[in-house]
Amino acid sequence: MNAFAQSPVWHPFTQHRLDPVFKKVVKTDGAYLIDEDGHAIFDAISSWWVITHGHRHPTIMEAIRNATERFDQIIFAEYTHAAAEELAQGLIQIAPAGLGHVFFSDSGSTSVEVALKMALGFFHNRGLSRARIVVMEHSYHGDTVGTMSAGARGVFNAPYEQLLFDVETIPFPEPGREQDSLDALDRIGRRGDAAALLIEPLVLGAGGMKIYPSHLLTEFKRITSRWNMLLIADEVMTGWGRTGTLFACEQAGIVPDILCTSKGLTGGALPLAATLCQPAIFEAHLSTDRSRMFFHSSSYTANPIACAAGLANLSVWRNEPVRNCLAKLADMHAERLMRFRADPRFANVRQAGTVVALDLDVQSAGYLSEVGPRLRAFFRDRDLLVRPLGNVIYLMPPYCVTAAELDRAYEAIAEAADFVARPEG
Ligand SMILES: *Cc1c(COP(=O)(O)O)cnc(C)c1O
C-alpha cells in the first residue's frame, strides 16, 4: 500500500505513488532511530545532516527542558533575551574573526535569504547599483524561491523556473580545470555589477557531495575582495565540524563577509539559524532614516528555547573533546575508504573530514537515476539510513559513531554495488 492511502501527511522529497508506507520512528538515541517495530536504524546521514554529536545529546536536552520552565516564543523586536545575547557573543567568538553581528532566523534557507538581502541592502544603502548574485555550478542553498534561484537548475525546480531570478554561474572547479572557475569569477567581478559570490565552502552538499580544495576558496575570497564583491559562505551543511574544522572557511584561512549557519547550530535538536556579518554590512543599515533598516523577520526569530539549545551546543564544543572525535572519525573513514579507491565499481572516492562520498559507476547518473530508490530500499532492509543522491553514495554520520557501526555501513556499500549491478527483480 502507498503511504498516501493511510495518511494525509505530504512528505518532503517523496513520490507518494512509489514510496512505501513510512515506518514511524518512536525514539532517537545516539546514532540510531528506533522504529515502531523496535528496529534500531543506524542514522548514517545524521537525519539530513542536522545531528552533529548524536541524537539527544544530554547537555542539549537538559538545556531545552530548563528553557521551557521560563520561555516559549517572545517577540524579538522591542525586546531581547539572555539566551540570544549569549549565543550571539559565543558565535562571534568561535566564528572566523571579524564577523561582528548576528541575525537570527529559523532555517538554512532563511539564513541564506537573509544573507542575500544583507548583501543587496549593503550596496543599495550606499547608492551603488550592484545586485547580481554569483554562484557555483552544482550548488544548493535551499528550497525557497530565492534560494532555488541561487541553486543549480534542474528537475528539482523546473516547475518554478519562471519565478526564479537570474544569477551568474561559475563552473565547479573540476580537477585540472580549477583556473576556469577563478577566471570566470574574475571576469564577472571586473564588470562591477555583482554584489556577492554565494558559495558552499569546500563541499557542495545536495549537488552531489562535490569537494574542492581549500586553497581555491582562498583564491575565491581574494578575487571577490579585489572587485569589491562580498563573499557569502553558506556553511549550513559544512559548519559545526562536518569538514573536520568547526567551520570549513577556517581551512582556507578566510573570513567571509557573511556566514550562514543552521543545521548543527543546536546540535540538530531544534530549528535555528544565524547569519553573521562583518561590521560594514551592519553599518550600511545604520541611519537616522528608518527606510534604511534591515527589513526582515521570521515569526520565530531567535526562539529562546532553540537559542538555549544553541548555547548548550557551544558548551559541548567548549567542554567535550569534539575536535578529537572529528579527527578520529576522519581517520576511520580514510582507512575504510582505501579499499574502494581501487574498486572499479566506484569512481571519485572522496572525503572532507567527516563526510565521504563515492560515485557508483552506473549507466544513468543524476538525482533521478533509477538506482537511487533501489539503493535506498537495499539500505533500509539492513536498518541503515543512507539516501544516495542518485548514484552518489555518501556517509555523514553523527560524531558519536563507532568503528563497528562504520564497518557495517561500509560493508553494505560494498554489497550495494553488486546488488544494483544485478537486473531488477
Ligand atoms: C540544507 C541546506 C540549506 C537549507 O537549509 P534548510 O534548513 O533545509 O532550509 C541551505 N544550504 C545548504 C548548503 C544546505 O545544505
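This short talk covers the two domains, the ligand site and the salt bridges of one predicted model.

First, the ground rules. Because the model is predicted, local features need pLDDT of at least 70 and side-chain atom pairs count only at pLDDT 80 or more, while totals for chains, interfaces and linings use all residues. Residues are numbered from 1 along each chain as its sequence is written, and side-chain values use heavy atoms, with hydrogens and water left out.

Let me start with the domains. Domain 1 consists of 3-53 + 321-421, and domain 2 of 60-319; such bounds come from an automatic or database domain assignment. Their C-alpha centres are 26 Å apart.

Now the interface. On the domain 1 side, 27 residues are in contact with 26 residues of domain 2, contact meaning heavy atoms within 4.5 Å. The two domains bury about 2200 Å² between them, with 67% of that on carbon and sulfur atoms. Buried area here is the accessible area (1.4 Å probe) that two parts lose on being put together, summed over both. Of the area that domain 1 buries against domain 2, Trp49, His53 and Arg323 supply 24%, more than any other three residues.

What about polar links? There are zero salt bridges between the domains, a salt bridge being a side-chain nitrogen of Lys or Arg within 4 Å of a carboxyl oxygen of Asp or Glu. There are, however, 12 residue pairs in polar contact across the interface, both residues at pLDDT 80 or more. A polar contact is a pair of N or O atoms within 3.5 Å; within protein, one must be able to donate a hydrogen and the other to accept it, and residues adjacent in sequence count only if both atoms are side-chain atoms.

On to the ligand. Residues around the ligand, with a heavy atom within 4 Å of it, include Trp49, Tyr140, His141 and Glu200. A ligand nitrogen lies 2.7 Å from a side-chain N or O atom of Asp234. Ligand oxygen atoms lie 2.8 Å from a polar backbone atom of Gly108 and 2.7 Å from a side-chain N or O atom of Lys263.

Last, the salt bridges: the structure holds 19. One of them pairs Lys23 with Asp37, the closest N and O atoms being 3.3 Å apart.
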